[in-house]
Amino acid sequence: MKNYYIIFCIVCFGFSQFSFAQNDSKPKAEALTVIDSLYKEDQFYLSMTYNVLANLPSGVEQTGFSLGLHAGFIKDMPINKQRNIAIGIGLGYSYNSFNQNLGIIKGDDDVTNFVVLDDTYDFDYSKNNFYLHMVELPIEFRWRTSTATDYRFWRVYTGFKLGYVFYNISNFQGEVGDVRYTNIDGFNDLQYGLTLSVGYNTWNFYVYYALNSIFEDDVKTLLTQESVDMNAIKFGLIFYLL
């Protein structure tokens with residue numbers, strides 16, 4: 001009888017310890033899952049685009065792949081209780097190349113001429129492009145299907161982007177020689193346009209449509225005196241990170 005009492009005590013003690021452990025583990029497990037009721041989304045962005053020139057002057061055409069690389073930080077500011085609608089304001093950097101046949105050549109008087117490199121000129125060239133380095137200010141209206149615990153969601157972000165060209169480069173390589181200019185007069189220092197990002201989770205389609213010309217209003221082609229009112233359209237992918 002005494003042995004049964006000892007066994008009974010051991011079983012009861014073990015069961016009480018097991019029950020205590022189960023009850024104790026519950027708050028610990030709950031403590032590990034902390035729901036942030038003030039969560040934010042998509043603070044950093046990386047983007048790669050194919051740059052297209054629109055409103056080309058007569059005889060001007062793109063001659064190869066034109067690349068754009070963009071990165072920055074956006075402050076996400078939800079404006080509703082569900083936090084799936086927000087305003088985003090940020091700061092970023094943008095690199096853009098444009099391969100085309102509009103030659104930028106300085107004369108002996110240091111005046112910059114814009115020459116359409118077509119059949120009028122009897123020489124070959126292997127490269128003609130210009131590059132723009134910009135600081136950008138993106139402003140977005142953001143809608144998404146995210147929650148505090150769902151990290152995969154649909155998003156539609158639309159907005160406006162203002163850019164400042166702090167450095168430009170023109171590069172020509174051909175049989176008449178290699179010519180490279182930096183900080184050329186004639187580029188619009190301020191570039192601005194509309195943006196749209198649409199996608200799910202990691203993969204998001206991105207488009208930018210410039211509302212003003214890349215060049216200043218008084219820039220004209222050398223022979224025809226046609227205004228160079230080219231503006232940029234950028235298509236690509238954008239990736240958002242917390």
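## Buried charges, a nonpolar core and two cavities

Glu 140 and Arg 142 form a salt bridge, with their closest N and O atoms 2.8 Å apart. Both of these residues are buried. Keep in mind as you look around that this is a predicted model.

That pair has company. The count of salt bridges comes to 4, and Asp 76, Glu 140, Arg 142 and Arg 144 are linked in a network of them. Here are three of the pairs:

| Pair | Closest N to O distance |
|---|---|
| Glu 140 and Arg 142 | 2.8 Å |
| Asp 76 and Arg 142 | 2.8 Å |
| Arg 144 and Asp 76 | 2.8 Å |

Where in the chain do Asp 76 and Arg 142 lie? Asp 76 belongs to strand 2 (residues 67-78) and Arg 142 to strand 6, so their salt bridge ties together parts that are 66 residues apart in sequence. Arg 144, also in strand 6, is 68 residues away from Asp 76, and this pair too links distant parts of the chain. Are Asp 76 and Arg 144 buried or exposed? Asp 76 has a relative accessible area of 0%, so this residue counts as buried. Arg 144 is buried as well, because its relative accessibility is 0%.

Now let's turn to the nonpolar side chains. In soluble globular proteins, such side chains tend to be buried together. The largest nonpolar core here has 29 residues, and Leu 132, Phe 187, Ile 214 and Phe 215 touch the most other members. Several strands give two or more residues to this core, including strand 1 (44-54), strand 4 (102-106), strand 5 (112-116) and strand 7 (154-174). Try clicking on Ile 214: setting aside neighbours within four places in sequence, its contacts include Leu 53, Phe 98, Phe 130, Leu 132 and Phe 187.

Ile 214 also brings us to the empty spaces. How many cavities of 30 Å³ or more are there? The count is 2. The largest cavity holds about 70 Å³ of space, and its lining includes Ile 214, Leu 132, Phe 98 and Lys 234. By class, that lining divides into 7 nonpolar, 2 polar and 1 charged residues. Strand 3 (85-99), strand 6 (125-144), strand 10 (203-210) and strand 11 (231-241) each supply at least two of the lining residues.

The second largest cavity has a volume of about 40 Å³. Glu 140, from the salt-bridge network, helps to line this cavity, along with residues such as Tyr 45, Lys 161 and Ile 238. Its lining has 5 nonpolar, 1 polar and 2 charged residues.

Conventions. Residues numbered from 1 in each chain as written. Predicted model: local features only at pLDDT ≥ 70, side-chain atom pairs only at ≥ 80, totals over all residues. Heavy atoms only, no water. 1 Å grid on protein atoms, 1.4 Å probe; cavity = no way out; pocket = protein on both sides within 12 Å on 5 of 7 lines; lining within 4 Å. Points joined across faces, edges and corners; volume = space filled by probe spheres on them. Helix = DSSP H or I, 4+ residues; strand = E, 2+ residues; numbered from the N terminus. Nonpolar A, V, L, I, M, F, W, Y, C, P; charged D, E, K, R; others polar. Core = buried A, V, L, I, M, F, W, Y, C linked by side-chain atoms within 4.5 Å. Buried < 20%, exposed > 50% of the residue type's maximum accessible area, 1.4 Å probe, protein only. Contact = heavy atoms within 4.5 Å. Salt bridge = Lys/Arg side-chain N within 4 Å of Asp/Glu carboxyl O.
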